[in-house]
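Load the model and set the viewer to show a ribbon with side chains available on demand. The stops below are given in the order in which to select them.

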Amino acid sequence: MSTFLLIIVLCLSFLTCAFFSLSETAIFSTNRYKLRHLASEGNRRAAQLTQWLDEPEPLLATLLLGSNFANISAATLSATLVSRWIIDRQLLEVGLIIEAAILTIFILLFCELGPKALAARYPEQIAMKIVIPVEICMK
């Protein structure tokens, strides 16, 4: 696989991780009374969110599996890239340690904390928009 393609897939892994992080916080931070009201008015997305919140186990499993898949993919792809770029085998171990540290900080800031902060600020708006993609992931 080409280096360019690996970088593209790595970026997609970061976006996937951010999506699942954003989704989890948005869904569980929504105002349940507002959701129930919207659902009673016929809003299908609000009805689905209410159903997930009433029985959260399948939703949590999907969100955690998706997040773990994205994180493991990112770690594997970034380690592959570092091993391609560092030719000297003695420096490879140090390079992989540095890669792991940088990746951890990047994922925490841009794939976990950033999306969670955004979702906590606008939970209902975001939750309504991510219902369909999350529902697809649950199937």
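Start by selecting the buried residues of α6 in this predicted model: Pro-123, Glu-124, Ile-126, Ala-127, Met-128, Ile-130, Val-131 and Val-134. Buried means under 20% relative accessible area, against over 50% for exposed and partly exposed in between, with a 1.4 Å probe and protein chains only. Helices here are DSSP runs (H or I, at least four residues; strands are E, at least two), numbered from the N terminus. Show α1, α2, α3 (44-54), α4 and α5 as well, since the buried residues of α6 pack against these helices.

Two ground rules apply throughout: the model is predicted, local features need pLDDT of at least 70, side-chain atom pairs count only at pLDDT 80 or more, and totals for chains, interfaces and linings use all residues. Residues are numbered from 1 along each chain as its sequence is written, and side-chain values use heavy atoms, with hydrogens and water left out.

Stay on α6 and centre on Val-131, where the helix bends by about 45 degrees. The bend at a residue is the angle between axes fitted to the seven residues ending there and the seven starting there. A proline, Pro-133, follows within four residues.

Next pick Ile-126, also in α6. Ile-126 counts as buried because its relative accessibility is 13%. Not counting residues up to four places away in sequence, Ile-126 touches Leu-22, Ala-26, Leu-118 and Ala-119; contact means heavy atoms within 4.5 Å. For scale, draw a distance from the C-alpha atom of Ile-126 to that of Glu-55: the two are 71 residues apart along the chain and separated by 20 Å.

Now add α4 (57-85). At what angle do the axes of α4 and α6 cross? They cross at roughly 90 degrees and come within 10 Å; axes are lines fitted to C-alpha atoms, for helices over the stretch in contact, and angles run from 0 to 180 degrees between N-to-C directions. α4 is therefore roughly perpendicular to α6, by a scheme in which angles under 35 degrees count as roughly parallel, over 145 as roughly antiparallel, 65 to 115 as roughly perpendicular and the rest as oblique. To see the meeting point, select Pro-58, Leu-59 and Thr-62 in α4 together with Val-134, Cys-137 and Met-138 in α6.

Keep Leu-59 of α4 selected. Its relative accessibility is 0%, so Leu-59 counts as buried. Leaving aside neighbours within four places in sequence, its contacts are Ile-27, Phe-28, Trp-52, Val-134 and Met-138.

Move to α5, residues 89-121. The 33 residues of this helix should span 48 Å at 1.5 Å a residue, and its end C-alpha atoms are 46 Å apart, which agrees; the expected span is 1.5 Å times one less than the number of residues. A kink of about 30 degrees lies at Leu-113, shortly before the proline Pro-115. At the N-terminal end, Asp-88 acts as a cap, with a side-chain oxygen 3.1 Å from the backbone nitrogen of Gln-90. Buried residues of α5 include Leu-103, Glu-112, Pro-115 and Ala-119, and what covers the buried residues includes α1 (3-29), α4 and α6.

Cross to α1 and select Ser-21. Is Ser-21 buried or exposed? Ser-21 is buried, with a relative accessible area of 2%. Outside the residues up to four places away in sequence, Ser-21 touches Cys-111, Glu-112, Pro-115 and Lys-116. The side chains of Ser-21 and Glu-112 are joined by a polar contact of 2.9 Å; such a contact is a pair of N or O atoms within 3.5 Å, where within protein one must be able to donate a hydrogen and the other to accept it, and residues adjacent in sequence count only if both atoms are side-chain atoms.

Thr-25 is also in α1, and counts as buried at 15% relative accessibility. Setting aside neighbours within four places in sequence, Thr-25 is in contact with Lys-116, Ala-119 and Ala-120.

Finish at α2, residues 32-40. Asn-31 caps its N-terminal end, with a side-chain oxygen 2.9 Å from the backbone nitrogen of Tyr-33. After α2 comes Gly-42, whose phi is positive, near 100 degrees.
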